[in-house]
Amino acid sequence: MSEHQFADSRALSAPFSQQLANRDGDGALAWLTCVLATQAPALRSSNAILLAYTGNPAAIDWIDANVGSPVTGQWGVAAALLGTPWPRILDWLQRGGLHRLMALDTLRAYRKPAVNMSPLEQIAATVLPQAPARADLDTALAACLAASATPRIQAAINSINKHMDEILRGGPRGVAVADLPRLYLDPAPFKHAPAILEQHATVVGGMRENLQNLLKGIV
């Protein structure tokens with residue numbers, strides 16, 4: 001696995017896709033976790049999002065056991081895509097430290113799809129399983145602030161409060177956890193995918209054009 005030690009998510013895309021196409025969820029997860037174990041903490045945190053696309057709920061246990069600093073939002077997004085339920089998120093909140101940060105990011109990732117999310121996240125449209133009553137979530141967040149009101153935690157809780165209704169909305173998700181490997185390999189057939197992919201391509205194209213114009217101005 002050493003050949004992937006310095007690979008980011010883009011460089012891992014082709015070999016990871018091959019694993020998803022040719023192995024079951026356990027095999028793909030085993031391959032990916034071996035790769036992540038060889039990587040430096042910052043790169044591992046950045047690549048944590050790929051754990052979700054194994055479509056393997058066992059990846060939640062690996063995330064629980066291996067979350068590390070820096071706790072980027074990718075850990076929480078992966079946990080949400082994998083359908084981590086509220087009782088486990090509450091456990092992370094109460095455990096504190098790195099788990100608390102990941103729990104807050106997980107809750108934030110359960111909001112409705114938005115244009116600042118990746119196209120795959122928008123198509124997956126995660127929904128919080130076993131969602132709590134609003135009062136219970138308020139209590140849990142207040143306890144977090146009482147325990148540690150760092151700027152990072154305050155910002156995360158402010159974001160959660162802003163999107164509280166979306167996070168607690170319930171209903172079916174866009175793509176089942178078991179179908180996340182298929183989503184990664186070929187998103188186009190999924191519901192709402194064409195419009196989301198087209199919008200993303202337009203946004204990226206506009207950003208690229210603006211950058212080129214800026215560079216022309218500098219030159």
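Ring pairs join Phe16, Trp31, Tyr53 and Tyr184 into one cluster. Keep in mind that this is a predicted model. Besides the aromatic rings, there's a nonpolar core of 62 residues to look at, plus a largest pocket of about 460 Å³ and a single cavity of 30 Å³ or more. Here's the tour, topic by topic.

**Aromatic pairs**

- Start with the tally: the structure has 4 aromatic pairs.
- Take Phe16 and Tyr184: their ring centres sit 5.2 Å apart with the planes at 70°, so this pair counts as edge-to-face.
- Phe16 belongs to helix α1 and Tyr184 to helix α12 (residues 180-185), so the pair ties together parts of the chain that are 168 residues apart in sequence.
- Both partners are tucked away: Phe16 is buried at 0% relative accessible area, and Tyr184 counts as buried at 15%.
- Trp62 and Trp75 make a stacked pair, with 6.4 Å from centre to centre and 15° between the planes.
- That tryptophan pair links distant parts of the chain, 13 residues apart, with Trp62 in helix α4 (residues 59-66) and Trp75 in helix α5.
- Trp62 counts as buried at 18% relative accessibility, under the 20% cut-off, and Trp75 is buried too, at 1%.

**The nonpolar core**

- Which members of the largest nonpolar core touch the most other members? They are Leu51, Tyr53, Trp75, Leu93, Leu107 and Leu183.
- Two of those names also turn up among the ring pairs: Tyr53 is part of the four-ring cluster, and Trp75 stacks with Trp62.
- Setting aside neighbours within four places in sequence, Leu51 is in contact with Leu29, Leu32, Thr33, Leu36, Ala59, Trp62, Ile63, Trp75 and Leu82.
- So if you click on Leu51, look for both rings of the stacked tryptophan pair, because Trp62 and Trp75 are on its contact list and pair with each other.**The largest pocket**

- This pocket has a volume of about 460 Å³.
- Its lining has 15 residues, and Ser9, Arg10, Ser118, Leu120 and Tyr184 lie nearest the centre.
- Tyr184 is the partner of Phe16 in the edge-to-face pair.
- At least two lining residues come from each of α1 (9-22), α8 (119-124) and α13 (193-218).
- By class, the lining splits into 7 nonpolar, 6 polar and 2 charged residues.

**The second largest pocket**

- About 290 Å³ of space is found here.
- Val77, Arg108, Ala109, Arg111 and Met117 are the closest to the centre, out of 14 lining residues.
- Two or more lining residues come from each of α5 (73-81), α7 (97-109) and α10 (151-162).
- Helix α7 gives the largest share, 3 residues.
- The lining is made up of 5 nonpolar, 5 polar and 4 charged residues.

**The cavity**

- How many cavities of 30 Å³ or more does the structure hold? There is 1, with a volume of about 70 Å³.
- Val77, Ala80, Leu81, Ala109, Arg111, Pro113, Met117, Glu121, Ala125 and Thr126 line the cavity.
- Val77, Ala109, Arg111 and Met117 are also among the residues closest to the centre of the second largest pocket.
- Helix α5 supplies the largest share of the cavity lining, with 3 residues.
- The cavity lining comprises 7 nonpolar, 1 polar and 2 charged residues.

**Two polar side chains to check**

- His4 is in the segment before α1.
- Is His4 buried or exposed? His4 is buried, at a relative accessible area of 13%.
- Leaving out neighbours within four places in sequence, His4 makes contact with Leu12, Pro15, Trp31, Val35 and Gln39.
- Trp31, one of those contacts, is also a member of the ring cluster.
- Asn56 is located in the loop between α3 (41-47) and α4.
- At 8% relative accessibility, Asn56 falls into the buried class.
- With neighbours within four places in sequence set aside, the contacts of Asn56 are Gly25, Asp26, Leu29 and Leu82.
- Leu29 and Leu82 appear in the contacts of Leu51 as well.
- Asn56 and Phe6 are 50 residues apart along the chain, and their C-alpha atoms are separated by 24 Å.

Definitions and conventions: Residues are numbered from 1 along each chain as its sequence is written. This is a predicted model: local features need pLDDT of at least 70, side-chain atom pairs count only at pLDDT 80 or more; totals for chains, interfaces and linings use all residues. Side-chain values use heavy atoms; hydrogens and water are left out. On a 1 Å grid over the protein atoms alone, a cavity is a set of points where a 1.4 Å probe fits but cannot get out, and a pocket is an open set with protein on both sides within 12 Å along at least five of seven lines; lining residues have an atom within 4 Å of a point. Grid points are joined across faces, edges and corners, and a volume is the space filled by probe spheres set on the points. Helices (H or I, at least four residues) and strands (E, at least two) are DSSP runs, numbered from the N terminus. Ala, Val, Leu, Ile, Met, Phe, Trp, Tyr, Cys and Pro count as nonpolar, Asp, Glu, Lys and Arg as charged, and the others, Gly among them, as polar. Buried means under 20% relative accessible area, exposed over 50%, partly exposed in between (1.4 Å probe, protein chains only). Contact means heavy atoms within 4.5 Å. A nonpolar core is a set of buried Ala, Val, Leu, Ile, Met, Phe, Trp, Tyr and Cys residues joined through side-chain atoms within 4.5 Å. Rings of Phe, Tyr and Trp (its six-membered ring) pair if their centres lie within 6.5 Å; planes under 30 degrees apart count as stacked, over 60 as edge-to-face and the rest as tilted.
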